[in-house]
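Please look through the sequence and the coordinates shown below before reading on. The paragraphs that follow begin with one side chain, move on to its partners, and then turn to the fold and its interior.

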Amino acid sequence: MTRRSAILPALVLLSILATAPGVAGATAPDPVLLVHGYRGNPSTWADMEAYLTAHGHPTVYAIDLPGEDNVANARAIGSTLRKLGWKRVDLVGQSMGGLSARWFAKFLAKGTTIDSYVSLGTPQYGIWSACLLPSTYGGQMCPTSRFLADLNAGDDTPGARFWTTIYSTGDEYVPNSASRLDGGACFVQVTGVGHNDMDNDATVQAATVAAIDGQCPGTYQS
């Protein structure tokens, strides 16, 4: 074997090793930003954060949103990503947090690549009980709000990112029909999980990991 022919197999081997899982130089999974819901806080994500870390997603950050105004929260998502230095991200939003995250994805994500968006029990098309709340304190979730009209105008799942909506038959606050995304998304229905338990449920956690890995653990609807 000549020296040249010996080098070629070695280069092929190095190429394989560089892209193999767990090998230095392999592409790391995107970091995951967790966005809590109405009157929530980052501690609600403890179980989900542990699950993601244990299942191949070691870089996870749970944001502490400034309040109950989705537009202000979306701006906070942008500033947090800049502070973290994240140019690529997977977004996971619980309840109203899914609206804040979707506003960021649709209107403010310039310079940030969002590979996957996952919502858990998010009222994408609103809930009537929210109409009793002030606009910037949950009232944006009212089905007739200007916020939802703007968010859902045109394509409600724009861009090349992978969209997933996870919802439960046991959700006591958000009807399953309100969690839909009409522009093309993976729909995942779970059974019997309460609204505030979505991020703590093992089935939901497994579906979330599959979704941010680019798989549809439910039914893709376009």
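Does Arg-88 count as buried, partly exposed or exposed, and at what relative accessibility? In this predicted model, Arg-88 counts as partly exposed because its relative accessibility is 41%, a value that lies between the limits of 20% for buried and 50% for exposed.

The partners of Arg-88 are a good place to continue. The structure holds four salt bridges, and in one of them the side chain of Arg-88 meets that of Asp-30, with an N to O distance of 3.8 Å. This pair links distant parts of the chain, since Arg-88 belongs to strand β3 while Asp-30 sits in the loop between α1 (3-19) and β1, 58 residues apart. Asp-30 counts as buried, because its relative accessibility is 16%, and the limit for that class is under 20%. Arg-88 also meets the side chain of Asp-115 in a salt bridge, here at 2.8 Å from N to O. Arg-88 lies in strand β3 and Asp-115 in strand β4, so this second pair ties together parts of the chain that are 27 residues apart in sequence. Asp-115 has a relative accessible area of 24% and is therefore partly exposed.

Another salt bridge is formed by Arg-146 and Asp-150, whose closest N and O atoms are 2.9 Å apart. Both residues lie in helix α5, four residues apart, which is about one turn of the helix. Arg-146 is exposed, with a relative accessible area of 64%, whereas Asp-150 counts as partly exposed at 28%. As for shared partners, salt bridges join Asp-30, Arg-88 and Asp-115 into one network.

The wider fold gives these pairs their setting. The chain contains six helices and seven strands, which follow one another along the sequence in the pattern α-β-α-β-α-β-α-β-α-β-β-α-β. Of its 222 residues, 47% count as buried, and the accessible surface comes to about 10,700 Å², with 55% of it belonging to carbon and sulfur atoms. Among contacts between residues at least 6 apart in sequence, 69% join residues that are at least 24 apart.

Where do the buried nonpolar residues gather? The largest nonpolar core has 33 residues, and those with the most contacts inside it are Leu-33, Ile-77, Leu-91 and Phe-104. Two or more residues are given to this core by each of β1, α3, β3, α4, β4, α5, β5 and β6 (185-190), and the largest share, five residues, comes from α4. Apart from this core lies another, of 21 residues, which includes Leu-34, Ala-62, Cys-186 and Val-193. Leaving aside neighbours within four places in sequence, Ile-77 is in contact with Leu-33, Val-35, Ile-63, Leu-65, Ser-100, Ala-101 and Phe-104.

Helix α4 itself deserves a closer look. It is mostly covered, with nine of its 12 residues buried, among them Leu-99, Trp-103 and Phe-104. The buried residues of α4 pack against β1 (32-35), α3 (70-84), β3 (88-94), β4 (113-120), α5 (146-152) and β5 (162-168). The geometry of this helix can be checked as well: at 1.5 Å a residue, the 12 residues of α4 (residues 97-108) should span 16 Å, and the end C-alpha atoms are 15 Å apart, which agrees with that expectation.

Note on methods: Residues numbered from 1 in each chain as written. Predicted model: local features only at pLDDT ≥ 70, side-chain atom pairs only at ≥ 80, totals over all residues. Heavy atoms only, no water. Expected span 1.5 Å × (residues − 1). Buried < 20%, exposed > 50% of the residue type's maximum accessible area, 1.4 Å probe, protein only. Contact = heavy atoms within 4.5 Å. Areas by Shrake-Rupley, 256 points an atom, 1.4 Å probe, with all protein chains shown as cover. Core = buried A, V, L, I, M, F, W, Y, C linked by side-chain atoms within 4.5 Å.
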